Amino acid sequence: MLIDGWTLARSSTLDADICIVGAGPAGLTLASELADWPGTVVLVESGGADASADAQLLNAAAVDGDPYGGLERSRHRQVGGTARLWNTPLRRVSGAKFVPLDPVDFRGLNGRPAWPLQYADLEPDYRRAHTVAGLGRFGYEGSAWDLPPPPLPPDHPVFASRVFQFGPAARFCADLPGELARAANITLCHSATAIGFRWRGSTVAAVDAVTASGVPLTINARRVVLAAGGVEN
């Protein structure tokens, strides 16, 4: 079910077993995993079904540290999230390049601490994400594909022949939102921005939100998942 926050004329309350904040790739993926679950899910998104300049103003923020383009240019508030900004050209559509981390990335080289997990710990989830993103078979070594011989020998001590895979943004901007709109136990409420939590002891009991027109919205939930993007979280 879809709820447009602009249509809520007065303070409203939604009840759910799980509330997911953010309808970008992460939030949409989690909600789709729960589409056949016996419980109820509310997915709340700050942006709307269409792009809105007013929604993007909520990304305005000061940035400290290394030079960075800023949230206004690198984040997007809309159903589909920042996948709406993916700009890798595919066949007449836009998408993104995909590649998992290498096992060496977990070692903590150049003075950085090692990760508390290894590539093998993530590979099952990489394979699941691979399917969600609508990619081909799971293979990123150059030797796994019928490609011309690489310019470097396969046993080179420094370089390796690897590949990217390419996936369409429409998977997250159209396909998954459409599936969730048809799911009986999912409510996708867009044009409503989460602004705070209501606590019961050390547990979040509800999410306070406000619609694009300024109407308060309360989402009572047994569990709350923040999927609002790495920066917002």
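These notes go through the cores, strands, one buried loop residue and a pocket of a predicted model.

1. **Main core.** The largest nonpolar core holds 26 residues. Ile20, Leu28, Val41, Leu43, Phe98, Phe172 and Leu180 have the most contacts inside it. Six elements need checking against the view: strand 2 (12–21), helix 1 (25–33), strand 3 (41–44), strand 5 (94–98), helix 5 (170–182) and strand 7 (186–190) each give two or more residues to this core. Helix 5 supplies the largest share, four residues.

2. **Ile20 and a second core.** What does isoleucine 20 touch, beyond residues up to four places away in sequence? The list is Gly27, Leu30, Ala31, Val41, Val42, Leu43, Val44, Val225 and Ala227. Apart from the largest core lies another, of 15 residues. Ile3, Leu8, Ala16 and Cys19 are among its members.

3. **Strand 2.** Eight of the 10 residues of strand 2 are buried, so this strand is largely enclosed by the rest of the structure. Strand 2 runs parallel to strand 10 (residues 216–226), and nine bridges join the two. Threonine 13 stands opposite threonine 218 of strand 10. Strand 2 also pairs with strand 3, again in the parallel sense, over four bridges. Here valine 21 has valine 44, in strand 3, as its bridge partner.

4. **The open sheet.** Strands 4, 5 and 6 form an open sheet in the order 4-5-6, with antiparallel pairing. Why is one side of strand 4 and of strand 6 left without a neighbour in the sheet? Strand 4 (88–89) and strand 6 (165–168) stand at the edges, and each has a single partner strand.

5. **Bridges in that sheet.** Strand 4 meets strand 5 over two antiparallel bridges. Threonine 88 stands opposite glycine 95 of strand 5. Strand 5 and strand 6 also run antiparallel, joined by four bridges. Phenylalanine 98 faces glutamine 165 across that pairing, with glutamine 165 in strand 6. Phe98 was listed above among the residues with the most contacts inside the largest core.

6. **Faces of strand 6.** In a regular strand the side chains alternate between the two faces of the sheet. Strand 6 shows this alternation. Gln165 and Gly167 point to one face and are buried. Phe166 and Pro168 point to the other face and are not buried.

7. **Valine 79.** This residue sits in the loop between helix 3 (71–74) and strand 4. Is valine 79 buried or exposed? Its relative accessible area is 6%, and the cut-off for buried is under 20%, so valine 79 counts as buried. Its contacts, leaving aside neighbours within four places in sequence, are Ala23, Glu45, Gly48, Ala49, Arg84, Pro177, Leu188 and His190. From valine 79 to serine 213 the separation is 134 residues in sequence and 17 Å in space, C-alpha to C-alpha.

8. **Second largest pocket.** This pocket contains about 410 Å³ of space. It is lined by 20 residues, and those closest to its centre are Asp125, Arg128, Ala129, His130 and Val132. Helix 1 and helix 4 (119–132) are the elements that give two or more residues to the lining. Helix 4 gives the most, with six residues.

9. **Lining by class.** Which residue classes make up the lining of the second largest pocket? The lining has 15 nonpolar, two polar and three charged residues. Asp125 and Arg128 are among the residues closest to the pocket centre.

Technical notes:
Residues are numbered from 1 along each chain as its sequence is written. This is a predicted model: local features need pLDDT of at least 70, side-chain atom pairs count only at pLDDT 80 or more; totals for chains, interfaces and linings use all residues. Side-chain values use heavy atoms; hydrogens and water are left out. A nonpolar core is a set of buried Ala, Val, Leu, Ile, Met, Phe, Trp, Tyr and Cys residues joined through side-chain atoms within 4.5 Å. Buried means under 20% relative accessible area, exposed over 50%, partly exposed in between (1.4 Å probe, protein chains only). Contact means heavy atoms within 4.5 Å. On a 1 Å grid over the protein atoms alone, a cavity is a set of points where a 1.4 Å probe fits but cannot get out, and a pocket is an open set with protein on both sides within 12 Å along at least five of seven lines; lining residues have an atom within 4 Å of a point. Grid points are joined across faces, edges and corners, and a volume is the space filled by probe spheres set on the points. Ala, Val, Leu, Ile, Met, Phe, Trp, Tyr, Cys and Pro count as nonpolar, Asp, Glu, Lys and Arg as charged, and the others, Gly among them, as polar. Two strands pair if DSSP finds at least two bridges between them.
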